[in-house]
Structure formats: structure tokens, C-alpha cells
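The following exercises are to be worked with the sequence and the three-dimensional model open side by side. Each task is followed by a solution in steps.

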Amino acid sequence: MDGPLALRILYLHQYFNTPAMQGGTRSYELARRLVEKGHQVDLITTDRVPRGTDDRQWKLTSEKGINVHWYPVPYSNNMGFFDRVRAFFSFARAATAKAGEMQADIVFATSTPLTIAIPGAVKSWRSKIPMVFEVRDLWPELPIAIGALRNPVLKLAARLLERFAYRNSEAIVALSPGMRAGIVATGYDPDRVCIIPNACDNAAFVVEPEKVEAFRKERDWLGDRPLLLYAGTLGEINGVGYLVEIAKQLEKLDSPTRILIVGDGKEKEKISKQAEDAGVLGKNLFMENSLPKSEMPVLFGAADISSSLFIDLPEMQANSANKFFDTLAAGRPILINYGGWHSKIIEQSGAGLVTWQNSPDAVAREIDRHIQDEAWLEKASTASKKLSREYFDRDQLAADFESALLIASERRGTAICKVNELGDASAD
């Protein structure tokens with residue numbers, strides 16, 4: 001890219017992952033595409049694995065041309081609320097200082113946590129450059145809804161931080177229609193809110209059949225039996241214990257279906273104990289540790305149906321979970337147990353099953369019927385792959401993202417991204 005269209009982008013993301021790491025790689029995929037278009041990207045993030053020393057030194061690596069600046073702040077999904085808050089503010093302080101050393105034309109800060117807006121806004125003020133803010137979850141609505149944030153003073157502080165982030169943003173990127181609606185409800189200009197959902201890495205999810213066959217053969221409990229997969233975080237909000245109840249009902253039906261839960265999180269031991277007490281652990285329900293993103297395609301390729309799960313909260317219906325889009329990229333039917341825009345997409349396209357508010361017995365019967373129906377599996381898989389290519393392809397959404405940054409960098413007062421029609425329709 002030549003001349004004035006090439007941007008120096010300061011990208012702030014506390015929990016950045018490469019494909020060699022566990023977790024979502026949205027920032028990696030977007031940033032590397034920006035580099036390929038000729039932009040310079042400096043990404044500030046945390047090194048969450050303890051280094052064995054007490055130093056607080058920055059580490060610089062190059063990831064597909066992205067200059068990644070890592071600062072040591074230990075973090076895990078098993079940490080309590082206040083330990084997480086301390087990690088948020090520790091990184092915000094360090095990132096503010098680091099950002100001050102860098103030359104940039106625009107700041108892009110992606111939540112969560114909302115504290116990422118602090119170094120972004122300070123850099124924006126001091127360097128007189130615009131900030132674009134990304135909302136990945138409706139925060140603080142979500143922690144309030146699940147009871148993680150109860151103190152009235154903390155609630156007020158969180159809402160003030162949310163308003164602070166929005167007020168200091170030239171434009172905002174939302175990951176779903178529901179998130180956009182939540183942002184606009186605060187009074188933010190709707191013309192400056194783009195919807196760029198999580199996306200499908202279609203090329204990465206093309207898997208050789210031999211690798212899928214090997215995955216199944218390595219697990220004598222699986223073989224050629226039908227497989228229902230959950231791959232993701234095992235947190236309170238995910239409610240993955242739901243699958244234990246389904247496993248119990250599938251056992252009663254004498255279904256050949258096996259359930260595999262792959263992931264880590266605060267609820268992992270609880271789910272394992274629940275499954276053990278129910279007599280399904282190691283029988284028709286199995287649990288394995290998280291995998292790096294680079295190994296996920298084979299895992300999804302081995303599944304007959306993959307699932308995205310959350311506890312039944314209205315605030316969760318706006319989610320844009322990676323596991324949903326990874327399922328589409330893998331061309332597998334998707335099962336979800338919540339309402340909202342994902343459920344409308346599935347119902348419109350025929351790409352899977354929506355089991356929202358159905359009893360475990362009814363859900364098990366529906367799974368057992370569909371997972372052994374070759375014609376249904378083929379039809380749902382085709383619909384899933386069509387969604388991944390026509391609506392949620394990473395390359396197209398990355399182009400929308402770049403366009404938003406370019407418009408915002410010129411401070412036109414607007415940054416509108418075209419949203420696919422299916423996403424628009426699901427906002428109703």
C-alpha cells in the first residue's frame with residue numbers, strides 16, 4: 001500500500017493469542033491481514049504464563065509481521081473476580097506507558113476488559129489521533145446479570161468506564177446486532193457503530209480425512225460412533241453441565257452418541273464431578289484438555305454435531321462465540337441452547353438445532369434422531385458451510401474492518417460497515 005492510505009495502527013488487546021496458543025485468534029487474524037495490506041501494526045498485550053522471575057520487562061516478537069509487545073501479567077479463567085480486576089488495571093497501567101512510546105496514526109482497543117479503553121483514550125488524547133473501540137461482550141451488563149458484579153459502587157464505576165470508552169471513540173466495532181443495539185442504547189451515534197462478527201477461517205478448517213480418521217481411532221470409546229462436541233471455555237456462564245443431563249438422557253435411549261467436552265475453565269472440576277456422579281463420565285461423556293487453535297480443525301472435523309452453549313440469560317443472546325463460527329467453518333451442524341441472533345441464523349438456514357428452553361429428555365431425543373440421520377447431517381453441513389463462505393468469511397470481514405479504520409482515521413464522523421443481510425435480519 002502506498003502513500004497516505006498506509007496506517008500505523010496501535011492495536012491494544014489484553015488477551016491476544018496466536019494459532020499456537022489456546023483461545024480465540026480474532027486479533028491475530030485481523031492484524032496479520034492489515035499487515036498484508038501494507039499497514040504497520042504494533043500490538044500491545046499480556047504474557048499470561050509466569051516467566052519464573054519477578055521482572056516486569058516487555059518482550060517483542062514478530063507474528064506474521066505484527067509487532068507484538070508482551071507484558072507479563074499472569075491470568076487464567078480460574079482466577080476470582082477481584083484477582084481479574086487487579087490484572088486488568090495492572091495491564092492498563094503498563095499499556096498506557098508503553099503506548100506513549102509509540103508512533104501511531106490510530107488506536108484500536110478491543111475489550112474485554114473495559115479497562116483497555118484507558119490506555120487507548122490516553123494515547124488518543126496525547127497524540128491527537130482517533131481511537132476505535134471494539135465491544136466483544138456487553139460489559140458490564142453480563143457480570144451484573146450473572147451476579148459477579150453486585151456492589152452498587154462497582155456497578156456504577158463499571159458503567160462509567162463503559163461510557164468513558166464510548167465517549168472517547170471515533171467509531172465502535174460491535175460483534176453482533178445485539179451488541180450494536182446495546183451500544184446505541186447508551187446514546188452513541190448509530191452511524192458510527194459497525195457490526196463485524198467473529199468469523200470463519202475457512203481455509204484453515206479444510207482437514208484431510210486421514211487425520212480425522214486417526215483422531216477417532218486413537219479413542220477406542222469413539223471409533224465410528226456419532227459424536228457431539230463442545231470445545232470452549234468451561235466457565236459459569238457457559239453452563240456446560242447441561243451436557244451431563246443430555247448424556248443421562250441419551251443413555252436411557254441406548255443411543256450410540258458420544259459427547260466430548262474439550263476445554264478448561266473454572267467449572268471443569270465441577271462438570272467432571274457432576275458427570276461422575278451421574279454415571280456417564282467415561283461411558284458416553286468424555287472430557288479432554290484445551291487445544292491450540294491450530295489443532296482445532298481436526299477436532300471439529302471429527303464431530304458429527306458441534307455445540308455452542310450458554311446459561312439462559314437475555315444478555316448472552318448477543319454473544320458472538322468463536323465456537324459457533326468454527327463449527328460453520330468446519331462445515332458441521334451447530335447445536336445451540338439459547339435464543340437470539342444465532343438461533344435465527346440456524347432457523348433461517350437449516351444449519352443445525354436450536355434447543356432453547358427444551359427439556360433434557362426432548363433435547364436428547366432430538367439429538368439421537370438427527371445425529372444418525374445421514375440425509376439431515378449432509379443438508380445441515382451444506383447449510384453450515386454456505387454460511388461460512390457467504391456471510392462470515394474472515395477475509396471479507398477483515399476488509400470491512402480495514403475500511404472502518406481507514407474512515408475513522410480521517411475523522412469523517414462516520415464509520416459504517418456493510419453488514420450481511422442475515423446478520424441484519426437477525427437483529428429484529
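## Exercise 1: A pocket and its lining

In this predicted model, the second largest pocket holds about 240 Å³ of space. Task: determine which residues lie closest to the centre of this pocket, which helix supplies the largest share of its lining, and how the lining divides into nonpolar, polar and charged residues.

Solution.

1. The lining consists of 14 residues, and those closest to the centre of the pocket are Val85, Phe89, Trp139, Ala157 and Ala158.
2. Helix 2 (81-99) and helix 5 (152-167) each contribute at least two residues to the lining. The largest share, five residues, belongs to helix 2.
3. Sorted by class, the lining has 13 nonpolar residues, one polar residue and no charged residue.

## Exercise 2: The loop after strand 5

Task: locate serine 111, decide whether serine 111 is buried or exposed, and identify which peptide bond joins serine 111 to threonine 112.

Solution.

1. Serine 111 is placed in the loop that runs between strand 5 (106-110) and helix 3 (117-127). Threonine 112 and proline 113 lie in that loop between strand 5 and helix 3 as well.
2. The relative accessible area of serine 111 is 1%, and the cut-off for a buried residue is under 20%, so serine 111 is buried.
3. A polar atom of the serine 111 side chain lies 3.0 Å from the backbone oxygen of glutamate 134. With residues up to four places away in sequence not counted, serine 111 touches Ile116, Phe133, Glu134, Val135 and Arg136.
4. The peptide bond between serine 111 and threonine 112 is cis, with omega about 0 degrees. The bond between threonine 112 and proline 113 is also cis, with omega about 5 degrees.

## Exercise 3: Salt bridges within a helix and across the chain

Task: for the pairs arginine 32 and glutamate 29, glutamate 213 and lysine 217, and lysine 293 and aspartate 326, give the N to O distance and describe the setting of each pair.

Solution.

1. The count of salt bridges in the model is 27.
2. Arginine 32 and glutamate 29 form a salt bridge with an N to O distance of 2.9 Å. The two residues are three places apart in helix 1 (residues 26-36), and therefore about one helical turn separates them. Both arginine 32 and glutamate 29 are buried.
3. Glutamate 213 and lysine 217 form a salt bridge at 3.1 Å, N to O. Both belong to helix 7 (residues 209-217), where they are four residues apart, about one turn of the helix.
4. Glutamate 213, at 43% relative accessibility, is partly exposed, whereas lysine 217, with a relative accessible area of 63%, is exposed.
5. Lysine 293 and aspartate 326 form a salt bridge at 3.7 Å, N to O. This pair links distant parts of the chain, 33 residues apart: lysine 293 lies in the loop between strand 11 (285-288) and helix 10 (296-301), and aspartate 326 lies in helix 11 (residues 322-329). Lysine 293 and aspartate 326 are both buried.
6. Salt bridges with shared partners join Glu29, Arg32, Arg33, Glu36 and Asp395 into one network.

## Exercise 4: A buried aspartate

Task: find where aspartate 201 lies and which residues are in contact with aspartate 201 once neighbours within four places in sequence are left aside.

Solution.

1. Aspartate 201 occupies the loop between strand 8 (193-195) and helix 7.
2. Its relative accessible area is 8%, so aspartate 201 counts as buried.
3. Apart from neighbours within four places in sequence, aspartate 201 is in contact with Thr25, Glu29, Arg33, Lys293, Ala329 and Arg394.

## Exercise 5: Positive phi

Task: state what phi is near at aspartate 254, at glutamine 357 and at glycine 350.

Solution.

1. Aspartate 254, a residue other than glycine, has a positive phi near 55 degrees. This residue lies in the loop between helix 8 (242-252) and strand 10 (258-262), and aspartate 254 is exposed at 68% relative accessibility.
2. Glutamine 357, also a residue other than glycine, has a positive phi near 65 degrees. Glutamine 357 sits in the loop between strand 14 (352-354) and helix 13 (360-371) and is exposed at 60% relative accessibility.
3. Glycine 350 follows helix 12 and has a positive phi near 80 degrees. Within helix 12 (residues 341-349), Trp341, His342, Ser343, Ile345 and Ile346 are buried.

Note on methods: Residues numbered from 1 in each chain as written. Predicted model: local features only at pLDDT ≥ 70, side-chain atom pairs only at ≥ 80, totals over all residues. Heavy atoms only, no water. Buried < 20%, exposed > 50% of the residue type's maximum accessible area, 1.4 Å probe, protein only. Polar contact = N/O pair within 3.5 Å; in protein donor to acceptor, adjacent residues only side chain to side chain. Contact = heavy atoms within 4.5 Å. 1 Å grid on protein atoms, 1.4 Å probe; cavity = no way out; pocket = protein on both sides within 12 Å on 5 of 7 lines; lining within 4 Å. Points joined across faces, edges and corners; volume = space filled by probe spheres on them. Nonpolar A, V, L, I, M, F, W, Y, C, P; charged D, E, K, R; others polar. Salt bridge = Lys/Arg side-chain N within 4 Å of Asp/Glu carboxyl O.
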